[in-house]
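Biologist: I should like a close look at a single part of this protein, namely the way its helices pack, and how that part relates to the remainder of the chain. Please set the answer out as one connected account.

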Amino acid sequence: MSKTIEKILLEFDPENISLLPALKKISAAFGHISEKDMQKVADYFEVPLSKAYETASFYDQVQIKKQPNLVIKVCSGANCAMNNSFAVIREIENYFKIKAGDEFNAKVKLEIISCLGQCGEGPIMVINNKVYNNVTQSSVHGILEKWL
Ligand code: FES
């Protein structure tokens, strides 16, 4: 049985403290929260639509825009940077002809993120929540091709 917004909302008490957990769960289930669904959330919790958006916008785990098929994140923390994570980032930018942080490409998005706590295995790259470690400028093409 597929989940609906309504079913997910019913898992939470309609109290302010449950707003964020509900937003996280809906975002995780559907990849993002559409405007129509955000209105359902606001109605359920009896908060203004602006409050639902404001809460969502503070947290990276809650997506309010439809995400590209491929979301690539590369760590730029000190240890990963020392191990050439910026060369990996440039390689990905060249491969897809995009710039890190651009929101314009509907298929792929590259984000530079801070330390993920796996510093000894850096550079760390995450593609759609799958973590790759010890990524190098030369190994990144092979990894990307598995996703295309
Ligand atoms: S610096 Fe990259 S995981 Fe810590």
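Modeller: From the N terminus on, the order of elements in the protein is α-α-α-α-β-α-α-β-β-β-α, which comprises 7 helices and 4 strands. The model is a predicted one. Along its principal axes the C-alpha trace spans about 50 × 30 × 30 Å. The domain assignment gives domain 1 (5–57) and domain 2 (70–145), and the centres of domain 1 and domain 2, taken over C-alpha atoms, are 30 Å apart.

The part to examine closely is the pair formed by helix 2 and helix 3. Two packed helices are described by the angle between their axes and the distance between the axes. Here helix 2 (residues 16–30) packs against helix 3 (residues 35–45) at an angle of about 155 degrees, and 11 Å separate their axes. Angles over 145 degrees count as roughly antiparallel, and helix 2 and helix 3 are therefore roughly antiparallel to each other. Their crossing is right-handed. On the side of helix 2, the residues that take part are N16, L19, A22, L23 and I26, which meet D37, V41 and F45 in helix 3.

Two of these residues, I26 and V41, also appear in a nonpolar core of 11 residues, whose members include I8 and I33 as well. In soluble globular proteins, nonpolar side chains tend to be buried together. This core lies apart from the largest one, which has 13 residues. Within the largest core, I72, V74, V88, I92 and M125 have the most contacts. Strand 1 (70–75), helix 6 (85–96) and strand 2 (108–113) each supply at least two residues of that core. Leaving aside its neighbours within four places in sequence, I72 is in contact with I92, V108, L110, M125 and I127.

Helix 6 also contains F96. A residue needs 20 or more C-beta neighbours within 10 Å to be buried; F96 has 18 inside that distance and therefore counts as partly exposed. Relative to the helix pair, F96 is 77 residues from L19 in sequence, and 37 Å from L19 in space, C-alpha to C-alpha.

Two figures for the whole protein complete the account. Of its 148 residues, 22% count as buried. Among contacts between residues at least 6 apart in sequence, 59% join residues at least 24 apart.

Definitions and conventions: Residues numbered from 1 in each chain as written. Predicted model: local features only at pLDDT ≥ 70, side-chain atom pairs only at ≥ 80, totals over all residues. Domains from an automatic or database assignment. Core = buried A, V, L, I, M, F, W, Y, C linked by C-beta atoms within 7 Å. Buried ≥ 20, exposed ≤ 12 C-beta atoms within 10 Å, placed from the backbone. Contact = placed C-beta atoms within 7 Å. Axes fitted to C-alpha atoms, helices over the stretch in contact; angles between N-to-C directions. Parallel < 35°, antiparallel > 145°, perpendicular 65-115°, else oblique. Left-handed = near helix turned anticlockwise from the far one by under 90°.
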